[in-house]
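Here is a friendly walk through a few corners of this protein chain. Keep the viewer open as you read, and rotate along with each stop.

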Amino acid sequence: MVPSIWFEGRQYPADWMQAEIQRILAGLNGLQRKEGDTVAAMLRNSPEYVALVLACRQAGLYLVSINWHFKALEAEHIVTDSGARTLFVDADLLGQIRDAIPEGVDVVALARGDATVADRQVHHWTDFGSGLPPMPPRAGMQHGAITYTSGTTGKPKGVRRIPWSPDEQAIMQPRLQRVTHIVYGTGTDVTAYLSAPIYHSAVMTYLSHFCQLGATLVLEPRFDPMRTLDLLARHRVTHAYLVPTMYQRLLAVDPAVRARHDLSALRQVASTGSPCPIPLKQAMIDWLGPIVTEAYGSSEAGYTTFIDSADWLRHPGSAGRRLPDAEVRILDEDGNALPTREIGLIYVRQHAVPDFTYINRPDARAAAEREGLVTLGDMGYLDEDGFLYICDRKADMVISGGVNIYPAEIESVLLTMPGIEDCAVFGIPDAEFGEGLAAAVQPRAGSRIEADAVQAFLRERIANYKVPRLVEIHAALPREDSGKIFKRRLREPHWQGQTRVI
């Protein structure tokens with residue numbers, strides 16, 4: 001099935017989508033692409049991007065999506081490392097990566113708005129595939145998407161799934177659908193809203209899920225809180241994908257303005273990809289009712305836990321219990337299982353998704369695994385009822401004077417301080433204790449925040465050793481499009497010239 005799409009005030013019906021998919025497959029056939037090849041995309045959200053996603057799935061091609069903010073060296077690494085032989089790119093982005101496109105890669109440029117494609121060596125999207133027969137549907141295994149990790153240390157790693165055989169797929173596909181129906185929602189007469197970037201792995205999964213349902217998709221090129229409220233009400237949206245940063249911006253809208261938008265059609269608001277602070281989640285449930293859900297997962301392991309509003313209200317701060325076909329264990333550094341409520345490394349596996357490799361990095365794949373489960377470096381614990389609580393990433397944990405400090409705990413307290421829009425806590429060098437704490441704080445619009453006031457607020461609520469000795473005030477914190485804060489960019493200036501970097 002294929003979706004019909006609303007995009008920038010225009011409807012793209014299902015028959016348009018079918019025709020666009022066939023035209024893309026014809027163009028790829030003309031380039032002599034075959035099942036199992038890799039195609040790269042550096043595109044903003046658009047109906048054409050959706051058509052490319054569906055075309056690659058139909059033909060059994062791997063699709064690797066590139067963050068469209070990337071510059072030449074970043075994009076070159078992904079195209080080269082993934083082995084992509086075709087690159088689809090927005091025409092106005094071509095200039096920033098042209099010199100880094102590897103030799104032998106065919107480029108297809110999509111011009112929208114005022115953008116044009118003048119280069120004769122580049123295939124034009126509008127002419128791509130004209131007069132050619134399409135690639136045949138895949139004959140064997142489904143390949144899917146390749147996702148590159150955010151690259152918190154070193155260059156990003158490509159996550160490529162090992163395809164099931166046709167027999168395995170017949171057994172496992174219904175089990176995977178059961179998981180995605182829980183995480184993202186399902187039903188009849190579904191209208192789904194999506195403004196997060198498709199290149200993000202969770203968003204790609206969300207998009208694929210609702211395409212398979214044949215839903216109506218309200219697709220946006222970017223998130224805007226007032227436009228979101230308008231679209232949710234106007235299209236009677238039933239399912240929406242939002243991340244905590246979007247929650248903050250929606251809740252910052254005057255409650256009287258929010259109340260003028262009828263959101264009664266909403267049945268599920270799904271959030272994945274980054275933890276949601278307790279006060280923020282509570283405020284969303286207070287506003288929209290018990291329809292806000294959260295799932296814990298990763299590009300590597302798939303979704304492993306889920307929590308709805310009812311369970312979250314009984315277990316605030318939890319990422320939920322394990323999903324069907326999932327395993328969750330808490331282990332120490334030596335691989336020993338830890339008791340209830342003791343913090344350790346989170347090891348998981350979702351058996352309803354195929355296993356994975358890191359492209360050209362078997363060492364990294366082996367290092368992440370223990371007894372068939374993998375860890376992404378997240379630390380947390382399970383309570384007596386089997387609910388998972390995520391404390392922080394191991395890489396973000398600060399060891400100060402031999403004491404483990406979890407920045408996420410401090411951030412959750414900071415977000416309750418009036419006037420603070422967002423924050424990030426991280427480790428910096430400390431001559432006496434090895435590491436100290438720093439906090440980067442973004443004030444709300446119209447608010448003025450002083451560093452000493454931030455420290456005083458924290459001292460009243462947490463132990464003194466958890467209070468950052470340095471507080472930086474930022475007009476805006478550096479972010480990925482998914483809403484995650486680039487802690488690395490905040491941390492790096494403090495570690496320059498040091499003999500070690502944590």
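## Strands, a loop, cysteines and a helix pair

Strand β4 (residues 62–65) pairs with β8 in the parallel sense, over two bridges. Please keep in mind that this is a predicted model. To find the pairing in your viewer, start at V64, whose bridge partner in β8 is I146.

β8 also pairs with strand β9 (residues 158–161), this time in the antiparallel sense and over three bridges. Here T147 stands opposite V159 in β9. So β8 has a parallel pairing with β4 and an antiparallel one with β9. As background for viewing such strands, side chains in a regular strand alternate between the two faces of the sheet.

Next, step back along the chain to the loop between β7 (123–124) and β8 (145–148), where F128 lies. Is F128 buried or exposed? Its relative accessible area is 6%, under the 20% cut-off, so F128 counts as buried. What does F128 touch, leaving aside residues up to four places away in sequence? The contacts are R23, I24, G27, L28, L31, F88, V108 and H123. The C-alpha atoms of F128 and L25 are separated by 9.3 Å, although these residues are 103 apart along the chain.

Now for the cysteines. How many disulfides does a search of the whole structure find? The result is zero. Two of the cysteines are set out here:

| Cysteine | Nearest cysteine sulfur | Distance |
|---|---|---|
| C276 | C423 | 13 Å |
| C391 | C276 | 16 Å |

A disulfide would need the sulfur atoms within 2.5 Å, and C276, with its nearest cysteine sulfur 13 Å away, is in no disulfide. C391 is in no disulfide either. C276 counts as buried because its relative accessibility is 10%. C391 is buried too, with a relative accessible area of 14%.

The last stop is a helix pair. Two packed helices are described by the angle between their axes and the distance between the axes. For helix α13 (residues 407–414) and helix α14 (residues 451–459), the angle is about 105° and the axes are 10 Å apart. The two helices are therefore roughly perpendicular to each other. On the α13 side, the contact is made by I410, V413 and L414, and on the α14 side by V454, F457 and L458. Which kinds of residue make up this contact? They divide into six nonpolar, no polar and no charged.

Technical notes. Residues are numbered from 1 along each chain as its sequence is written. This is a predicted model: local features need pLDDT of at least 70, side-chain atom pairs count only at pLDDT 80 or more; totals for chains, interfaces and linings use all residues. Side-chain values use heavy atoms; hydrogens and water are left out. Axes are lines fitted to C-alpha atoms, for helices over the stretch in contact, and angles run from 0 to 180 degrees between N-to-C directions. Helices (H or I, at least four residues) and strands (E, at least two) are DSSP runs, numbered from the N terminus. Angles under 35 degrees count as roughly parallel, over 145 as roughly antiparallel, 65 to 115 as roughly perpendicular and the rest as oblique. Contact means heavy atoms within 4.5 Å. Ala, Val, Leu, Ile, Met, Phe, Trp, Tyr, Cys and Pro count as nonpolar, Asp, Glu, Lys and Arg as charged, and the others, Gly among them, as polar. Buried means under 20% relative accessible area, exposed over 50%, partly exposed in between (1.4 Å probe, protein chains only). Two strands pair if DSSP finds at least two bridges between them.
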